[in-house]
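Take a moment to turn the model around on your screen before reading on. We will walk through it together, one piece at a time.

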Amino acid sequence: MHRRQRWTIPLGIVAIGIGAVILWNRDSPETLYRQAREVFRSDAALCDELLARGIDRSGGDFPAAQVLRCRLMGRAGQWVEALGYFSTIEQPQRAPGDELIMLGGEARAAGAVVLARLAFAAASDGEGEFRQAALERLAALEQELGRLDTAREAAGRLLELDPGNAIAAFVTARIELADLNPAGAADWYERSIQTTTSPELRNSARRELIGVRLDLGDAAAARAEWNSLAASGSLSDADQLFLADLLRLEGEARAAVDLIESLPAAIRMSERALLIAGLARLDLDEPQAAVDALLRVLQYNPAHKEAHFKVGTAYRRLGNDEVAETHFARNQELTEYAVQILDLRGRLAKTPDQPELIAELARLYRLTGRNELADRLER
(Lines give C-alpha, C1' and ligand atoms only; values in the text may rest on other atoms or scores of the structure.)
Protein backbone atom coordinates (compact mmCIF):
# COMPACT_ATOMS: atom_id res chain seq x y z
CA MET A 1 0.00 0.00 0.00
CA HIS A 2 2.89 2.29 0.74
CA ARG A 3 4.27 1.78 -2.77
CA ARG A 4 0.86 2.49 -4.36
CA GLN A 5 0.56 5.83 -2.53
CA ARG A 6 4.09 6.73 -3.57
CA TRP A 7 3.08 6.50 -7.27
CA THR A 8 -0.37 8.00 -6.83
CA ILE A 9 0.94 11.35 -5.64
CA PRO A 10 3.25 12.01 -8.64
CA LEU A 11 0.60 10.85 -11.10
CA GLY A 12 -1.87 13.26 -9.53
CA ILE A 13 0.58 16.11 -9.88
CA VAL A 14 1.13 15.22 -13.55
CA ALA A 15 -2.63 15.14 -14.14
CA ILE A 16 -3.04 18.55 -12.56
CA GLY A 17 -0.19 19.91 -14.66
CA ILE A 18 -1.68 18.54 -17.87
CA GLY A 19 -5.04 20.01 -16.96
CA ALA A 20 -3.45 23.40 -16.34
CA VAL A 21 -1.75 23.30 -19.73
CA ILE A 22 -5.03 22.40 -21.43
CA LEU A 23 -6.84 25.22 -19.63
CA TRP A 24 -4.04 27.66 -20.52
CA ASN A 25 -4.09 26.70 -24.18
CA ARG A 26 -7.86 27.01 -24.23
CA ASP A 27 -7.67 30.51 -22.75
CA SER A 28 -4.29 31.59 -24.09
CA PRO A 29 -4.08 35.06 -25.67
CA GLU A 30 -3.49 33.53 -29.10
CA THR A 31 -6.49 31.19 -28.81
CA LEU A 32 -8.76 33.98 -27.62
CA TYR A 33 -7.55 36.19 -30.49
CA ARG A 34 -8.22 33.44 -33.01
CA GLN A 35 -11.70 32.92 -31.61
CA ALA A 36 -12.35 36.68 -31.72
CA ARG A 37 -11.42 36.81 -35.40
CA GLU A 38 -13.85 33.98 -36.11
CA VAL A 39 -16.80 35.94 -34.65
CA PHE A 40 -15.63 39.42 -35.68
CA ARG A 41 -18.43 39.94 -38.21
CA SER A 42 -21.13 37.87 -36.54
CA ASP A 43 -21.03 38.71 -32.82
CA ALA A 44 -19.48 42.04 -31.83
CA ALA A 45 -20.14 41.61 -28.10
CA LEU A 46 -18.51 38.18 -27.93
CA CYS A 47 -15.63 39.37 -30.10
CA ASP A 48 -14.96 42.29 -27.76
CA GLU A 49 -15.13 40.01 -24.70
CA LEU A 50 -12.65 37.56 -26.21
CA LEU A 51 -10.28 40.35 -27.20
CA ALA A 52 -10.46 41.93 -23.76
CA ARG A 53 -9.61 38.61 -22.12
CA GLY A 54 -6.78 37.95 -24.53
CA ILE A 55 -5.27 41.41 -24.03
CA ASP A 56 -5.61 41.08 -20.26
CA ARG A 57 -3.93 37.64 -20.24
CA SER A 58 -1.04 39.08 -22.28
CA GLY A 59 -0.44 41.79 -19.70
CA GLY A 60 -2.01 44.50 -21.86
CA ASP A 61 0.55 44.14 -24.65
CA PHE A 62 -1.05 42.28 -27.58
CA PRO A 63 -0.90 44.52 -30.71
CA ALA A 64 -2.74 42.06 -32.97
CA ALA A 65 -5.73 41.91 -30.64
CA GLN A 66 -5.60 45.64 -29.95
CA VAL A 67 -5.69 46.47 -33.66
CA LEU A 68 -8.61 44.10 -34.17
CA ARG A 69 -10.37 45.85 -31.30
CA CYS A 70 -9.86 49.18 -33.12
CA ARG A 71 -11.53 47.67 -36.17
CA LEU A 72 -14.39 46.48 -33.97
CA MET A 73 -14.85 50.03 -32.63
CA GLY A 74 -14.84 51.32 -36.18
CA ARG A 75 -17.57 48.90 -37.20
CA ALA A 76 -19.67 50.45 -34.45
CA GLY A 77 -18.92 53.94 -35.80
CA GLN A 78 -16.66 54.75 -32.84
CA TRP A 79 -13.74 56.08 -34.86
CA VAL A 80 -12.71 58.74 -32.33
CA GLU A 81 -12.52 56.05 -29.64
CA ALA A 82 -10.63 53.79 -32.04
CA LEU A 83 -8.04 56.51 -32.65
CA GLY A 84 -7.58 57.04 -28.92
CA TYR A 85 -7.25 53.32 -28.31
CA PHE A 86 -4.78 52.88 -31.17
CA SER A 87 -2.56 55.56 -29.62
CA THR A 88 -2.18 53.36 -26.52
CA ILE A 89 -0.64 50.47 -28.47
CA GLU A 90 3.07 50.54 -27.62
CA GLN A 91 4.36 48.88 -30.80
CA PRO A 92 1.57 48.74 -33.38
CA GLN A 93 4.03 47.67 -36.08
CA ARG A 94 4.13 44.26 -34.35
CA ALA A 95 0.51 43.65 -35.35
CA PRO A 96 -0.12 41.64 -38.54
CA GLY A 97 0.40 43.85 -41.56
CA ASP A 98 -2.83 42.76 -43.22
CA GLU A 99 -4.83 43.71 -40.09
CA LEU A 100 -3.23 47.15 -40.02
CA ILE A 101 -3.94 47.67 -43.72
CA MET A 102 -7.57 46.62 -43.24
CA LEU A 103 -7.88 49.04 -40.31
CA GLY A 104 -6.35 51.81 -42.41
CA GLY A 105 -8.65 51.13 -45.33
CA GLU A 106 -11.76 51.05 -43.17
CA ALA A 107 -10.75 54.22 -41.35
CA ARG A 108 -10.02 56.02 -44.60
CA ALA A 109 -13.38 55.03 -46.06
CA ALA A 110 -15.07 56.42 -42.95
CA GLY A 111 -13.14 59.70 -43.13
CA ALA A 112 -10.98 58.90 -40.10
CA VAL A 113 -7.84 59.86 -41.99
CA VAL A 114 -5.58 60.37 -38.96
CA LEU A 115 -6.15 56.78 -37.85
CA ALA A 116 -5.75 55.61 -41.45
CA ARG A 117 -2.35 57.33 -41.67
CA LEU A 118 -1.21 55.82 -38.37
CA ALA A 119 -2.32 52.32 -39.36
CA PHE A 120 -0.64 52.45 -42.78
CA ALA A 121 2.52 53.93 -41.24
CA ALA A 122 2.67 51.15 -38.64
CA ALA A 123 2.26 48.49 -41.33
CA SER A 124 4.98 50.13 -43.41
CA ASP A 125 7.36 49.95 -40.43
CA GLY A 126 6.67 46.27 -39.82
CA GLU A 127 8.39 43.24 -41.25
CA GLY A 128 7.09 40.94 -43.94
CA GLU A 129 5.15 40.96 -47.16
CA PHE A 130 2.75 43.82 -46.41
CA ARG A 131 5.25 46.68 -46.22
CA GLN A 132 4.96 47.52 -49.89
CA ALA A 133 1.15 47.53 -49.89
CA ALA A 134 1.17 49.73 -46.79
CA LEU A 135 3.60 52.21 -48.32
CA GLU A 136 1.48 52.42 -51.48
CA ARG A 137 -1.56 53.34 -49.42
CA LEU A 138 0.36 55.69 -47.15
CA ALA A 139 1.98 57.59 -50.03
CA ALA A 140 -1.33 57.98 -51.87
CA LEU A 141 -3.18 59.13 -48.74
CA GLU A 142 -0.52 61.65 -47.73
CA GLN A 143 -0.53 63.11 -51.24
CA GLU A 144 -4.31 63.42 -51.26
CA LEU A 145 -4.19 65.17 -47.89
CA GLY A 146 -1.65 67.66 -49.25
CA ARG A 147 1.10 66.38 -46.95
CA LEU A 148 3.59 66.41 -49.78
CA ASP A 149 6.77 66.06 -47.71
CA THR A 150 5.58 62.88 -46.02
CA ALA A 151 4.09 61.64 -49.29
CA ARG A 152 7.44 62.12 -50.98
CA GLU A 153 9.17 60.24 -48.17
CA ALA A 154 6.74 57.31 -48.40
CA ALA A 155 7.04 57.20 -52.20
CA GLY A 156 10.83 57.26 -51.88
CA ARG A 157 10.80 54.32 -49.46
CA LEU A 158 8.48 52.50 -51.83
CA LEU A 159 10.81 53.07 -54.78
CA GLU A 160 13.69 51.71 -52.71
CA LEU A 161 11.73 48.49 -52.22
CA ASP A 162 10.49 48.40 -55.81
CA PRO A 163 12.15 50.82 -58.28
CA GLY A 164 9.48 50.03 -60.88
CA ASN A 165 6.51 50.67 -58.60
CA ALA A 166 3.81 52.39 -60.67
CA ILE A 167 1.88 53.76 -57.69
CA ALA A 168 5.00 55.44 -56.32
CA ALA A 169 5.61 56.98 -59.75
CA PHE A 170 2.00 58.20 -59.94
CA VAL A 171 2.13 59.75 -56.47
CA THR A 172 5.49 61.38 -57.24
CA ALA A 173 4.02 62.86 -60.44
CA ARG A 174 1.21 64.47 -58.44
CA ILE A 175 3.71 65.80 -55.92
CA GLU A 176 5.78 67.36 -58.70
CA LEU A 177 2.66 68.92 -60.17
CA ALA A 178 1.65 70.37 -56.79
CA ASP A 179 5.21 71.70 -56.49
CA LEU A 180 4.69 73.59 -59.80
CA ASN A 181 7.00 71.33 -61.79
CA PRO A 182 4.83 70.12 -64.71
CA ALA A 183 7.78 68.88 -66.77
CA GLY A 184 8.96 66.70 -63.90
CA ALA A 185 5.39 65.52 -63.33
CA ALA A 186 5.10 64.47 -66.98
CA ASP A 187 8.18 62.26 -66.66
CA TRP A 188 6.77 60.47 -63.63
CA TYR A 189 3.33 60.05 -65.22
CA GLU A 190 5.01 58.41 -68.22
CA ARG A 191 6.93 56.11 -65.89
CA SER A 192 3.71 55.11 -64.14
CA ILE A 193 1.98 54.40 -67.46
CA GLN A 194 4.88 52.27 -68.64
CA THR A 195 5.22 50.19 -65.47
CA THR A 196 1.69 49.61 -64.24
CA THR A 197 -0.28 46.45 -64.92
CA SER A 198 -3.53 48.10 -63.79
CA PRO A 199 -5.72 49.51 -66.58
CA GLU A 200 -7.39 51.84 -64.06
CA LEU A 201 -4.09 53.33 -62.88
CA ARG A 202 -2.81 53.58 -66.45
CA ASN A 203 -5.88 55.53 -67.55
CA SER A 204 -5.76 57.79 -64.49
CA ALA A 205 -2.11 58.60 -65.13
CA ARG A 206 -2.82 59.16 -68.81
CA ARG A 207 -5.69 61.58 -68.07
CA GLU A 208 -3.51 63.64 -65.79
CA LEU A 209 -0.63 63.54 -68.26
CA ILE A 210 -2.90 64.83 -71.04
CA GLY A 211 -3.81 67.77 -68.80
CA VAL A 212 -0.14 68.50 -68.16
CA ARG A 213 0.73 68.28 -71.88
CA LEU A 214 -2.13 70.64 -72.75
CA ASP A 215 -1.09 73.15 -70.10
CA LEU A 216 2.44 73.03 -71.50
CA GLY A 217 1.04 73.66 -74.99
CA ASP A 218 2.43 70.39 -76.36
CA ALA A 219 -0.42 69.46 -78.68
CA ALA A 220 1.41 66.60 -80.40
CA ALA A 221 2.25 64.79 -77.16
CA ALA A 222 -1.26 65.45 -75.80
CA ARG A 223 -2.79 64.02 -79.00
CA ALA A 224 -0.72 60.83 -78.70
CA GLU A 225 -1.89 60.29 -75.12
CA TRP A 226 -5.49 61.12 -76.05
CA ASN A 227 -5.44 58.52 -78.82
CA SER A 228 -4.19 55.90 -76.36
CA LEU A 229 -6.88 56.84 -73.83
CA ALA A 230 -9.57 56.70 -76.51
CA ALA A 231 -8.32 53.27 -77.59
CA SER A 232 -8.80 52.00 -74.03
CA GLY A 233 -12.57 52.38 -74.42
CA SER A 234 -12.96 54.13 -71.06
CA LEU A 235 -13.79 57.68 -72.14
CA SER A 236 -16.27 59.73 -70.12
CA ASP A 237 -18.09 62.95 -70.97
CA ALA A 238 -15.58 64.85 -68.81
CA ASP A 239 -12.75 63.42 -70.92
CA GLN A 240 -14.19 65.22 -73.92
CA LEU A 241 -12.83 68.46 -72.46
CA PHE A 242 -9.34 67.17 -73.18
CA LEU A 243 -10.34 66.72 -76.80
CA ALA A 244 -11.94 70.18 -76.93
CA ASP A 245 -8.76 71.79 -75.60
CA LEU A 246 -6.69 69.72 -78.01
CA LEU A 247 -8.84 70.76 -80.97
CA ARG A 248 -8.39 74.40 -80.00
CA LEU A 249 -4.60 74.01 -79.84
CA GLU A 250 -4.67 72.32 -83.24
CA GLY A 251 -6.48 75.32 -84.76
CA GLU A 252 -9.97 73.78 -84.75
CA ALA A 253 -11.62 76.37 -82.51
CA ARG A 254 -15.11 75.96 -84.01
CA ALA A 255 -15.00 72.20 -83.49
CA ALA A 256 -13.89 72.79 -79.89
CA VAL A 257 -16.86 75.10 -79.22
CA ASP A 258 -19.31 72.70 -80.87
CA LEU A 259 -17.99 69.81 -78.80
CA ILE A 260 -18.34 71.73 -75.53
CA GLU A 261 -21.86 72.81 -76.44
CA SER A 262 -22.81 69.16 -76.92
CA LEU A 263 -21.77 68.14 -73.41
CA PRO A 264 -24.09 67.87 -70.37
CA ALA A 265 -24.68 71.16 -68.54
CA ALA A 266 -22.74 70.09 -65.44
CA ILE A 267 -19.63 69.67 -67.57
CA ARG A 268 -20.34 72.45 -70.06
CA MET A 269 -20.59 75.02 -67.25
CA SER A 270 -17.51 73.85 -65.33
CA GLU A 271 -14.52 76.17 -64.89
CA ARG A 272 -12.36 74.15 -67.27
CA ALA A 273 -15.01 74.00 -70.01
CA LEU A 274 -15.74 77.74 -69.74
CA LEU A 275 -12.05 78.56 -70.02
CA ILE A 276 -11.61 76.44 -73.14
CA ALA A 277 -14.78 77.90 -74.65
CA GLY A 278 -13.65 81.45 -73.86
CA LEU A 279 -10.25 80.92 -75.46
CA ALA A 280 -11.82 79.26 -78.51
CA ARG A 281 -14.32 82.13 -78.89
CA LEU A 282 -11.44 84.58 -78.81
CA ASP A 283 -9.66 82.53 -81.51
CA LEU A 284 -12.87 82.78 -83.56
CA ASP A 285 -12.92 86.57 -83.04
CA GLU A 286 -16.14 86.43 -81.03
CA PRO A 287 -15.11 88.76 -78.19
CA GLN A 288 -18.49 89.16 -76.52
CA ALA A 289 -18.98 85.40 -76.27
CA ALA A 290 -15.42 85.16 -74.98
CA VAL A 291 -16.14 87.75 -72.29
CA ASP A 292 -19.28 85.91 -71.19
CA ALA A 293 -17.40 82.64 -70.74
CA LEU A 294 -14.25 84.08 -69.18
CA LEU A 295 -16.09 86.19 -66.61
CA ARG A 296 -17.71 82.98 -65.40
CA VAL A 297 -14.26 81.46 -65.05
CA LEU A 298 -13.33 84.38 -62.81
CA GLN A 299 -16.40 83.73 -60.70
CA TYR A 300 -14.97 80.30 -60.00
CA ASN A 301 -11.43 81.59 -59.47
CA PRO A 302 -10.88 85.36 -59.16
CA ALA A 303 -7.10 84.77 -59.23
CA HIS A 304 -7.06 83.01 -62.61
CA LYS A 305 -4.16 84.79 -64.30
CA GLU A 306 -4.80 83.59 -67.87
CA ALA A 307 -8.52 84.37 -67.68
CA HIS A 308 -7.79 87.96 -66.65
CA PHE A 309 -5.41 88.45 -69.56
CA LYS A 310 -7.73 86.89 -72.13
CA VAL A 311 -10.86 88.71 -70.93
CA GLY A 312 -8.83 91.92 -71.07
CA THR A 313 -7.96 91.10 -74.68
CA ALA A 314 -11.64 90.46 -75.46
CA TYR A 315 -12.73 93.77 -73.88
CA ARG A 316 -10.10 95.62 -75.90
CA ARG A 317 -11.49 94.11 -79.09
CA LEU A 318 -14.92 95.35 -77.99
CA GLY A 319 -13.47 98.85 -77.61
CA ASN A 320 -13.80 98.92 -73.83
CA ASP A 321 -10.22 99.86 -73.00
CA GLU A 322 -10.96 100.98 -69.44
CA VAL A 323 -12.28 97.60 -68.31
CA ALA A 324 -9.59 95.86 -70.35
CA GLU A 325 -6.88 97.72 -68.43
CA THR A 326 -8.26 96.61 -65.07
CA HIS A 327 -7.94 92.98 -66.13
CA PHE A 328 -4.48 93.52 -67.60
CA ALA A 329 -3.42 95.15 -64.34
CA ARG A 330 -4.77 92.23 -62.35
CA ASN A 331 -2.95 89.81 -64.64
CA GLN A 332 0.27 91.75 -64.10
CA GLU A 333 -0.22 91.70 -60.34
CA LEU A 334 -0.77 87.94 -60.33
CA THR A 335 2.29 87.49 -62.57
CA GLU A 336 4.41 89.43 -60.09
CA TYR A 337 3.10 87.25 -57.28
CA ALA A 338 4.10 84.18 -59.28
CA VAL A 339 7.65 85.52 -59.70
CA GLN A 340 7.86 86.18 -55.95
CA ILE A 341 6.61 82.68 -55.24
CA LEU A 342 9.33 81.13 -57.38
CA ASP A 343 11.95 83.24 -55.63
CA LEU A 344 10.73 82.30 -52.15
CA ARG A 345 10.50 78.61 -53.04
CA GLY A 346 14.11 78.69 -54.23
CA ARG A 347 15.30 80.38 -51.05
CA LEU A 348 13.38 78.00 -48.82
CA ALA A 349 14.72 74.98 -50.72
CA LYS A 350 18.23 76.05 -49.65
CA THR A 351 17.31 77.05 -46.08
CA PRO A 352 13.91 75.58 -45.09
CA ASP A 353 13.73 76.83 -41.48
CA GLN A 354 12.74 80.46 -42.12
CA PRO A 355 9.33 81.14 -40.52
CA GLU A 356 8.99 84.65 -41.95
CA LEU A 357 9.57 83.44 -45.52
CA ILE A 358 7.19 80.53 -45.00
CA ALA A 359 4.48 82.91 -43.78
CA GLU A 360 5.05 85.21 -46.77
CA LEU A 361 4.91 82.29 -49.20
CA ALA A 362 1.64 81.11 -47.65
CA ARG A 363 0.22 84.63 -48.02
CA LEU A 364 1.19 84.74 -51.70
CA TYR A 365 -0.33 81.32 -52.28
CA ARG A 366 -3.64 82.58 -50.90
CA LEU A 367 -3.48 85.72 -53.04
CA THR A 368 -3.09 83.52 -56.11
CA GLY A 369 -5.90 81.13 -55.19
CA ARG A 370 -3.67 78.22 -54.11
CA ASN A 371 -5.20 77.76 -50.70
CA GLU A 372 -4.27 74.08 -50.47
CA LEU A 373 -0.58 74.93 -50.77
CA ALA A 374 -0.96 77.67 -48.16
CA ASP A 375 -2.68 75.21 -45.83
CA ARG A 376 0.16 72.75 -46.25
CA LEU A 377 2.76 75.36 -45.34
CA GLU A 378 0.82 76.53 -42.31
CA ARG A 379 0.49 72.98 -40.98
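Which residue follows α8, and what is the sign of its phi? The residue is glycine 146, and its phi is positive, near 80°. Keep that spot in mind, as we will come back to the helix before it. One thing to know from the start is that you are looking at a predicted model.

Let us step back and take in the whole protein. It has 22 helices and zero strands. The radius of gyration is 30 Å, well over the 21 Å that the globule rule gives for 379 residues, so the protein is more spread out than a compact globule. You can also picture a box: along the principal axes, the C-alpha atoms fill roughly 125 × 50 × 35 Å. Of the 379 residues, 42% are buried. If you look at contacts with a separation of 6 or more, 50% of them come from residues 24 or more positions apart. The surface that the protein exposes comes to about 19700 Å², with carbon and sulfur atoms supplying 53% of it. As for charge, there are 46 positive and 57 negative charges, and their mean positions are 6 Å apart.

Now for a closer look, beginning with a loop. Proline 96 sits in the loop between α5 and α6. With a relative accessible area of 28%, proline 96 is partly exposed, because buried means under 20% and exposed means over 50%. Beyond residues up to four places away in sequence, proline 96 touches Tyr33 and Ala64. Valine 67 is 29 residues from proline 96 in sequence, yet the two C-alpha atoms are 8.8 Å apart in space.

Moving along the chain, we reach α7, a helix of 13 residues that runs from 113 to 125. From its first C-alpha to its last, α7 reaches 18 Å, close to the 18 Å expected at 1.5 Å a residue. Several residues of α7 are buried, among them Leu115, Ala119, Phe120 and Ala123. An α-helix has 3.6 residues a turn, so residues three or four places apart point the same way. What covers the buried residues of α7 includes α5, α6, α8 and α9.

That brings us back to α8. Its 14 residues should span 20 Å at 1.5 Å a residue, and the end C-alpha atoms are indeed 20 Å apart, which agrees. The buried residues of α8 include Leu135, Leu138 and Leu141, and also Glu136, Glu142 and Gln143. They pack against α6, α7, α9 and α10. Just beyond this helix you will find glycine 146 again, with its positive phi.

Further on, serine 192 has its place in helix α11, which covers residues 182-195. Is serine 192 buried or exposed? It is buried, since its relative accessible area is 0%. Apart from neighbours within four places in sequence, serine 192 is in contact with Ala166, Ala169, Phe170, Leu201 and Ala205.

Next, visit α19, which spans residues 305-317. This helix has 13 residues and reaches 19 Å from its first C-alpha to its last, close to the expected 18 Å. Among its buried residues are His308, Val311, Gly312 and Tyr315. The buried residues of α19 pack against α17, α18 and α20. Just after α19 comes glycine 319, with a positive phi of about 85°.

You can see one side of this packing from histidine 327, which lies in α20. Histidine 327 counts as buried, because its relative accessibility is 11%. Not counting residues up to four places away in sequence, histidine 327 touches Leu295, Leu298, His308, Val311, Gly312 and Tyr315.

Our last stop is arginine 366, in helix α21. At 35% relative accessibility, arginine 366 counts as partly exposed. Leaving aside neighbours within four places in sequence, its contacts are Asn371, Ala374, Asp375 and Glu378. The C-alpha atoms of arginine 366 and alanine 303 are separated by 9.3 Å, although the two are 63 residues apart along the chain.

Conventions
Residues numbered from 1 in each chain as written. Predicted model: local features only at pLDDT ≥ 70, side-chain atom pairs only at ≥ 80, totals over all residues. Heavy atoms only, no water. Helix = DSSP H or I, 4+ residues; strand = E, 2+ residues; numbered from the N terminus. Expected span 1.5 Å × (residues − 1). Buried < 20%, exposed > 50% of the residue type's maximum accessible area, 1.4 Å probe, protein only. Contact = heavy atoms within 4.5 Å. Rg over C-alpha atoms; globule rule 2.2 N^0.38 Å. Areas by Shrake-Rupley, 256 points an atom, 1.4 Å probe, with all protein chains shown as cover. Lys, Arg positive; Asp, Glu negative; His and termini not counted. Charge placed at Lys NZ, Arg CZ, Asp CG, Glu CD.
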